[in-house]
Amino acid sequence: AAHAANLGLWFWNIRDDKLWVTQKWRELFGFADSEPVTFGRLLQVVHPEDREGLKQVVRDVFEHGGENETEYRIVRSNGSTRWISGYGTFELDESGKPTFGRGVSRDITKRKIVEEELRESEARFRTVADAAPVRRQRRHRPAEDADLARGGRFEPREHQQAGGLARAGRSQQGEEFAAPDIEIEVAHDQRAAVVALVDLLE
């Protein structure tokens, strides 16, 4: 059942630094069938950036016993990198020294790849969202929609009130300004499209 679930089992005689492991465990880590396994030998295949972290986990359980879970990378003999999830329990003797450890190891590389792709996708989305311009939506006045419905010329109310010269206003700094005049010739069958376009641009 453990083999079918892609789980490698191990039992560690800490006093003698000898590891008994299943065939599946050897397959996960790339160890030969007859190769002796020790913690030192295991560290040789752990990714250099993760070795110190794994050693610290072991030091902690040697001191306190109990359970632990950890994730780390290994480098196979063919150069490929795999992610391993480990779970173990450790026992201390009456004097508080570690005696035995037992647990399971599992390849979680596929999960790690999916997680990384998700992080990259979220980062790309945030970049696009941050760069996207913020548009101010404009609500149409009934009179403007009526002009479009007649299939004629649509002139913004600001333009009409200013005598057809320009839209006028005042900035937050109190400076007067005038925007260019805008006139749109609209065919009757294009009214709905133009209404939507004005909403977007305004």
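Okay, let's start at a turn: S4 and S5 make a hairpin with 5 residues between them, and Gly-96 in that turn has a positive phi of about 85 degrees. Strand here means a DSSP run of E of at least two residues, and helix a run of H or I of at least four, both numbered from the N terminus.

Quick housekeeping. This is a predicted model, so local features need pLDDT of at least 70 and side-chain atom pairs count only at pLDDT 80 or more, while totals for chains, interfaces and linings use all residues. Residues are numbered from 1 along each chain as its sequence is written, and side-chain values use heavy atoms, with hydrogens and water left out.

Back to that hairpin. S4 and S5 run antiparallel, paired over 9 bridges; for pairing, DSSP has to find at least two bridges between two strands. One of the bridges puts Ile-84 across from Asp-107 in S5. On the other side, S3 joins S4 through 10 bridges, antiparallel again, and Glu-69 has Tyr-87 in S4 as its bridge partner. The S3 and S4 hairpin has 5 residues between its strands, with Gly-79 at a positive phi near 95 degrees.

Now zoom out to the sheet. There are 5 strands, the sheet is open, and the order reads S2-S1-S5-S4-S3 with antiparallel pairing. S2 (18-21) and S3 (66-75) are the edge strands with a single partner each, so one side of each has no neighbour in the sheet. From one strand to the next the twist averages 25 degrees.

At the S2 end, S1 (residues 7-13) pairs with S2 in the antiparallel sense over 4 bridges, and Trp-10 stands opposite Val-21 in S2. Their hairpin has 4 residues between the strands, and there the positive phi, near 50 degrees, belongs to Asp-17. S2 also has two distinct faces: Leu-19 and Val-21 on the covered one, Lys-18 and Trp-20 on the uncovered one.

What packs on the sheet? Helix H4 (residues 109-131) does, touching S3, S4 and S5, and its direction makes about 120 degrees with that of S4. Contact means heavy atoms within 4.5 Å. For the angles, axes are lines fitted to C-alpha atoms, for helices over the stretch in contact, and the range is 0 to 180 degrees between N-to-C directions. While we're at H4, Lys-112 lies over the face of Trp-83, 4.5 Å from the ring centre. That label needs NZ of Lys or CZ of Arg within 6 Å of the ring centre and within 35 degrees of the ring normal. Arg-41 does likewise with Phe-31, at 4.7 Å from the ring centre.

On to the aromatics. A search of the whole structure turns up 7 aromatic pairs. The rule: rings of Phe, Tyr and Trp (its six-membered ring) pair if their centres lie within 6.5 Å, with planes under 30 degrees apart called stacked, over 60 edge-to-face, and the rest tilted. Trp-12 and Phe-90 are edge-to-face, at 6.3 Å centre to centre and 80 degrees between the planes. That pair ties together distant parts of the chain, Trp-12 in S1 and Phe-90 in S4, 78 residues apart. Are these two buried or exposed? Trp-12 is buried at 6% relative accessibility, and Phe-90 is buried too, at 9%. Buried means under 20% relative accessible area, exposed over 50%, and partly exposed in between, with a 1.4 Å probe and protein chains only.

Another pair is Trp-25 with Phe-31: the centres are 5.4 Å apart and the planes at 65 degrees, so this one is edge-to-face. Both Trp-25 and Phe-31 are buried. And there's a cluster: Trp-10, Trp-12, Phe-39, Phe-62 and Phe-90 group together as one.

One loop before I finish. Asp-50 lies between helix H2 (39-45) and helix H3 (51-64), and is buried, with a relative accessible area of 15%. Which residues does Asp-50 touch, leaving aside neighbours within four places in sequence? Tyr-72 and Arg-73. The C-alpha atoms of Asp-50 and Glu-71 are 9.0 Å apart, with 21 residues of separation along the chain.

Last, the whole-chain numbers. We have 7 helices and 9 strands, and buried residues are 30% of the 202 in the chain. Of the contacts between residues at least 6 apart in sequence, 44% join residues at least 24 apart.
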